[in-house]
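Work through the two exercises below with the sequence and the structure open beside you, and try each task before you read its solution.

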Amino acid sequence: MENNGKGSGFAIGELREMAQIVRENNLTKLAITQGEFMILMESKQEVVPAPMVMPFAANGGFAQSAPAAPAPAQSSAPFADAPAEKVLDGNVIKAPLVGTYYESSAPDKPPFVTIGQSVKKGDVLMIIESMKLMNEVQSDIDGTVTEILVKNSDPVEYDQPIMVIK
């Protein structure tokens, strides 16, 4: 707004000073009232998420993380009604990255594997889509698929169990 000479409003110099105060102090809002006039200045502060770094092994795949140390024992009284965590028997195949699980290469194609199917080392087990990239996950062992723990198109987290091979 310009100072219209009637003694009301804000002068350009005042607006610049206010903008400088907002910038220098990393403010998100500044509201000032002068007579009938009020000015509200807002700055857009971009929130930049921290980059996710995936360990990449020398063999061309994603590195497996070391198992986490067990949590200290706590009283289970508040969680007495909670179901016990299922123990997975066999080789657990975990998501190598965050994304979306797909059981086949396309909606009209058959799944890569089904429960009871034998797989060999190097067979494609699933696709994990992450950032519009389709990442094939291959078996690192020979065996039989005994459980598939997620449904097609489910979001998965890094290191989340996806299937079990015995």
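Both exercises use a predicted model.

**Exercise 1.** Find which residue in strand 10 is the bridge partner of Glu147, and then work out the order of the strands in the open sheet of four strands.

*Solution.* Begin with strand 8, residues 143-148, which pairs with strand 10, residues 161-165, in the antiparallel sense over three bridges. In strand 10, the residue that partners Glu147 is Val164. Strand 8 also pairs with strand 5, residues 118-119, again in the antiparallel sense, over two bridges, and here Val119 stands opposite Gly143.

Turn next to the open sheet, whose four strands come in the order 7-6-4-9 with antiparallel pairing. Its edges are strand 7 (133-138) and strand 9 (155-156), each of which pairs on one side only. Strand 7 pairs with strand 6, residues 124-130, over six bridges, and Ile128 stands opposite Asn135 of strand 7.

**Exercise 2.** Check the length of helix 1 against the expected span, and decide where its buried residues lie around the axis.

*Solution.* Helix 1 covers residues 12-24, and at 1.5 Å a residue its 13 residues should span 18 Å; because its end C-alpha atoms are 18 Å apart, the two values agree. The buried residues, which have under 20% relative accessible area, are Leu15, Met18 and Val22. Seen down the axis of helix 1, the buried residues fall within an arc of 60 degrees, and therefore they line one face of the helix. On the other side, Arg16, Glu17, Arg23 and Glu24 are exposed. After helix 1 comes Asn26, with a positive phi near 50 degrees.

Definitions and conventions. Residues numbered from 1 in each chain as written. Predicted model: local features only at pLDDT ≥ 70, side-chain atom pairs only at ≥ 80, totals over all residues. Heavy atoms only, no water. Pairing = 2+ DSSP bridges. Expected span 1.5 Å × (residues − 1). Buried < 20%, exposed > 50% of the residue type's maximum accessible area, 1.4 Å probe, protein only. Arc of directions from axis to C-beta.
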